[in-house]
Every structure is written in structure tokens, then in C-alpha cells.
Amino acid sequence: MKPRFSPLSRRHFLASTAASLATISLVPRHVLGGAGQTPPSETVGAALIGCGGRGPGTFSELKGLNPVQLARCDVKYLDRADNKTIYTDFRRVLERKDIDVVAIATPPHWHALISIAAMEAGKDVLCEKPMTRFIAEGRAVVDASRRYGRIFQIGTFGRFGASKDRNSILTRKIMKSGLLNPNPGVYIKAGGLKVKEWSGLVNAKPEPVPKNLDWDLYCGPSPLRPFHPHRFGGTHRGYWDYEGGGLCDMGQHAMDPVSWTYGKDDTAPVEIEAHAPPAHPEVCGMWGWVELKYADGFTIVLASGEWGDHYDRKTGRGVKLEDLDEAGRAKIQATPDPEPMIDFAEAVRTRKQPGGHAEAAHRTVCIIHLANLAIRTGRKLRFDPVKEQFIGDEEANRLVNQPMRAPWHI
Amino acid sequence: MATKPNVAELVSQMPEVDKPGTASKFTGPDPAAAAKIFAEIFAGGSESILQLIDLVKAPDDADFKDYKAAYVVHGLVLSAGVAGREKERRQLAGLLASRLSGEKSSAATKTYFIQELQACGGRDVVPALARALSDESLAEPATRALLSIRDGVGPELQRAFVTAKGRQRVGIVLALGQLAEPPALPVLRESLRDEDAAVRLAAAWSLAKMGDAASAEAILKLANGATGHERSQATHTCLLLAETLVAAGKTTEARQLLMRLRDSRQEESERFMRDAADRSLKALQPHGAA
């Protein structure tokens, strides 16, 4: 299939030649097709949805496509939206036929819904991490990507580095062989998860909504709470309504190479246990460690180093050729290396899935959601990776697929 | 007779925030100490639990003091959620539900109770939540709580739909689709002709989710007549309906719907929709004869 480079990029060029200087600020020099510049026929129409914080960085990940930023959308643009280049409502952006690719950098409670709507509108998606706010959202994104044949890439790239590392490749081959059962591997991620830094505030009294902010649309599928500035603009990370604390925000980064290296992109942990104080119903708070065990015995440990007892149940341990018998070692050595990963730009051009595709991203962020659900419920959980449901825990299952505020739904 | 616990004093044992007197972060109590407090309150029976519930104030209440009482209520909800504690869960949920009516708590505080019922409520609190559906300030969170509870909520949502207004009608229609109970089919089919476009779209999605073959024609007509974002959403409901029909073994109906959808998406800008329908058709016919 040929790359779907937008013929409307050219149309945009024609229109923009007569447009104002303000428009030119959104149209890079290369669109004009001057000497040494990429001609418009080789650009894609692109939009950035969610322009604060990570927005510009996420958009820059489209660089391999020569993106022309035709639209910027943010709920804080009430005072400047013109519905031509600047928007507050992503639905109006997705209606544009000259936009082929969207970069999504809103808070995570919008990631799944906008990704799905974008793919339903025929766009390819590069979405900032964490991919989702709860588990069922991820499955819905995977389904949309498959249903519409759209490209989805999560905005974290650790697995790309791992896929070029010889030790990681060897580990993946051993893990994927299924020869280690029980699997003695233990991966410990200690620290760096910004637990206190990205926890929320309690005792916060409501404040007036800023005039430039569409607070209702910001809350979107989540409960419509009274406004407080800490719930917005980066510090949203500290509230279950929008994200899942530092664990959710940093966790997908940390687990992205681990999920690939240890061959867990198509499954999920089956037993999850956390050491944490009772969770707050709305505010992400402190926790000590979480132990997540897969069906084959491989274990991931997330240790915050910021609260409670030091984790001392297991010691980190990789998997090695020496763990196998001679026949097993021979089998691994005869196993070809995995196919090289392709990045988002190449995926858009070739219509092959990129390294951080929807299923891989979903399974990776599931590790984090499961950890947070063990923290939130305060008890050991058992999970079915096929049904993506907890076994024998109704309260936990209610957090797997959380009803959204109408009209939003997955 | 055992002495009743001093609930207010137990609540006050929750740790102070980092910067007392301000909106602030908190470290949380020692889990064992917190569990002991939760157990003492449960041991005090309904009287103690109600004392605790009545200490809860939402941050936008004028007499809001701090996070502690609401946090302890949530702690009770979590501890009652453990397997084997069904009696405590029912007791706690029933007491929370009892405070949804009356003037003792503000709407914001009642919303907090509904949030907790969304976590711990069962069939026994459905009537109380159903009454909240008629209160404009509580209807939306009550709909979500009922959807989480699921058991026995369909008839209540249908009853509430008759008098619901605006966005709440959309919420109920979507909830009925997620519950997927056949008795809701007539009201959902009727909603395909609602004067509110958002209700029509929600009804199409719900009927698609339920695999209602009888609505295929109407859903396709809705999709073909829609523009902009609504068109992509309505087209999605056609694909979703085809998937649920296939899952139900109604491949003939699914095939007809997909072929008509494919043939109606001839614009180049809708090629991806045509391709999606085509892929589904090919999946129905492994040799690609669609």
C-alpha cells in the first residue's frame, strides 16, 4: 500500500500562499518547496492535540514524516481558538480531511478516546505515554487500530534501544523459547518513579475556573470535579481521574524495554501484590513496592524507595543461556534474531506496525495499571491475561473498565 | 457490653499533611495502624459507621475541615471489599446509601458517597441510587455507579430515561447498551429516532454493542446521513454491529451490512472506511471472495 501522503497538503500550500503571516507561522519553510526544502508532495498534514508540557516534544517525534502542523488543539485555548488552526475541541480537528497524522499529548484520561476517534477518522496516531488510564481503554485502542488498519505508536522508545542490544536480544530469545518453566528471572526497577513528586493534594478547596479553560471538556470522560489548579497542567498526574501518579507516568518508560526484552508484549502478570498505605479515593499517594508475577514465574518488582519497608523478597536476576540444558542452548543459538523494529514514520509509509504498536503499548502499560490497582485495593490480586479481568475480585474489576461520563464511552 | 469507639478521635489519628492548614501532599498512615482503626469502627456497628459518614464533608462544603473522614470511609470500603467480608460490605453500602436522601449532607458530599458506592455497592443499594437519578446534581455520578453495579439496574435506568434531560439521556442510553439486556431494546430502537442527535448516536452504538440485527437498516441510514465527526462515529457503529452479529453467528446479516457500508464509502477520504469493511468481509470469507 502506498503511503497516504496528503494531497491536501498541496491544497494547503495553495491556500496558504494567499494567507496571512499568522498562517505562515504554522507552515514551515519546507512547505513552500524552495531550494533545499522538502516539497509539499512529501509532507503530511499533522495536528497536535494537547499542547502543554510534552506537546511540542511529542509532535517532534513526527519529524521523519516532514509534518506540516495544520492544527493545534488544547482545552486552554478558549480565548484564542479560531477553528482554523487553533482549536479547543479535538473532534473539529479530526473532521479535517487534510490531516493524516495526529500527535496526542493531552493528560492520559484523554489518550484512549482521542486515539480511537482519530483512527475512526482515518488518522495515524502517535500518542504520548502512558497510553491509557485504565485497562479496558487499552484493549479498545488495540481494537480500533486493527479495525481501521491505522498506525499507532506510543510516545516512549526504550524498546527500540533494547532491540539493538545483543544481551537484550539473547534474553528475548530465551524468554520466547518457553524453555524456562519455572522461569527464575526477576527484574527489579528500583527508584526513579517520582512517587511523592507526582502525588496529588488533599485538603484542596475549589477555585474559579480560568476564563481560557474549557474545564468540562478537560474533565471529559472523568468525573466533573470542582476546579483546582493542581488538577491541571502537569500536576494532573497526581489524581486517579487523569493518570496514576509517578508510577503511571514514569512506569511506561521504565517497562517499555523490559516488556520487549522479557518477551511479555502479548500477556500480563497473573499475581500482583503491593506494599502501601490505604489508598486515597481520588489522590495518588505513597507506596513502597509492588511485585508482579507472570504465569511462567518471571517476576517484575517496582520498588519506590520512597515509602515503607525495603523490598527484600527476591533479588534481581536475569535469564541466561546457562539456565538451559545443552539442547536448549543449541536451540537458542539457532534461533534467528527478531525482525528489526520500524519507527512511526516508516510504519506510516509502509503500513507495517511500528515497534511501540498498540498491543505492545497496551501490555506494557497494563503492568503499571495492575501495580496501581494492587496499591488502590490494598490486597493481593489474581489476573487473567486473556480475559483481562481479575479473578474473584469484583471491586478490582470495577476499576478495569470504569464507566465514563457521557457522552464519552469506549 | 463493649464500649463504642470515639470515632472522631480515631479519625483524627490519620496523619497530618505535609504542610498542615494548606492543600498539601500526605504520606499515609501505617497500614497496620489504619487497619486497626477500620476494624474498631466496624466493631462499633452501624452507629459508629454512621458517625463516621456524618463527619465527611466535601472540599466545597463551607464546613470542610480536612481529608481525614472521607479517607477513613474509603479505608472501610477497601477493607470490606476483601473476600469473605460480604456482611460488612453490605452494611457499609447500606449506610452510605441511606445518606443519599435527606438534608444532612450537601450534594457534593452525596457525590462522594456515590463514588464509594460505585466501588462497594451491590444490588441492595440500587433503589437508593435510582432515586438519585432524578436529582440533577447527582444523576450523572449515580448513572456511573449503577453501571458499575450492573446487577438489577436496567429497569431503573429505563424508568429514569422517561424524565431525564440533556446529557443525562445520553448517559442512560449508553449505560443500557453496556448492560446489554434485551428488555432495553425497544427504548433503544425508539431512541434512534430521538430529536437529539447525541441520543440517536448513543442509541446506535448501544444497539450495535447488543448486536441488534433489526436495527441494522436504521443504523446504516443514520451513518449515511451523518457528516463530520458524527459520520465517523456512526460508521463505527456499523462496523461494531457487524462484529457483534458475527460473534452471534449472524454472518448473513453481518455480510449484508458490511457490503452496503463498503459500497456507500466511495470518496477517497473515506477509503479507510471502505477498507475496514472490506477487511471484515474478507475475514468472513477466508478465500477473499467478498
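**Note on the predicted model: chain contacts and two sheets**

1. In this predicted model, 39 residues of chain A are in contact with 48 residues of chain B, contact meaning that C-beta atoms placed from the backbone lie within 7 Å. On the side of chain A that touches chain B, two or more residues each come from α4 (90–94), α6 (135–148) and α14 (394–400) of chain A. That side comprises 17 nonpolar, 11 polar and 11 charged residues; Ala, Val, Leu, Ile, Met, Phe, Trp, Tyr, Cys and Pro count as nonpolar, Asp, Glu, Lys and Arg as charged, and the others, Gly among them, as polar.

2. Residues are numbered from 1 along each chain as its sequence is written, and chains are lettered from A in the order in which they are written. Local features need pLDDT of at least 70, side-chain atom pairs count only at pLDDT 80 or more, and totals for chains, interfaces and linings use all residues.

3. An open, parallel sheet of 6 strands in chain A has the order β3-β2-β1-β4-β5-β6. Strands are DSSP runs of E with at least two residues, helices runs of H or I with at least four; strands pair if DSSP finds at least two bridges between them. β3 (86–87) and β6 (152–154) of chain A each have a single partner strand, so one side of each lacks a neighbour in the sheet.

4. Strand β5 (residues 124–127) of chain A pairs with β6(A) over 3 bridges, in the parallel sense. Opposite A:Leu126 stands A:Gln153 in β6(A).

5. A further open sheet of 6 strands in chain A, with mixed pairing, follows the order β7-β10-β9-β8-β11-β12. Strands β8 (residues 271–275) and β11 (residues 381–384) of chain A run antiparallel, joined by 2 bridges. A:Glu271 has A:Arg382 as its bridge partner in β11(A).

Methods:
Contact = placed C-beta atoms within 7 Å.
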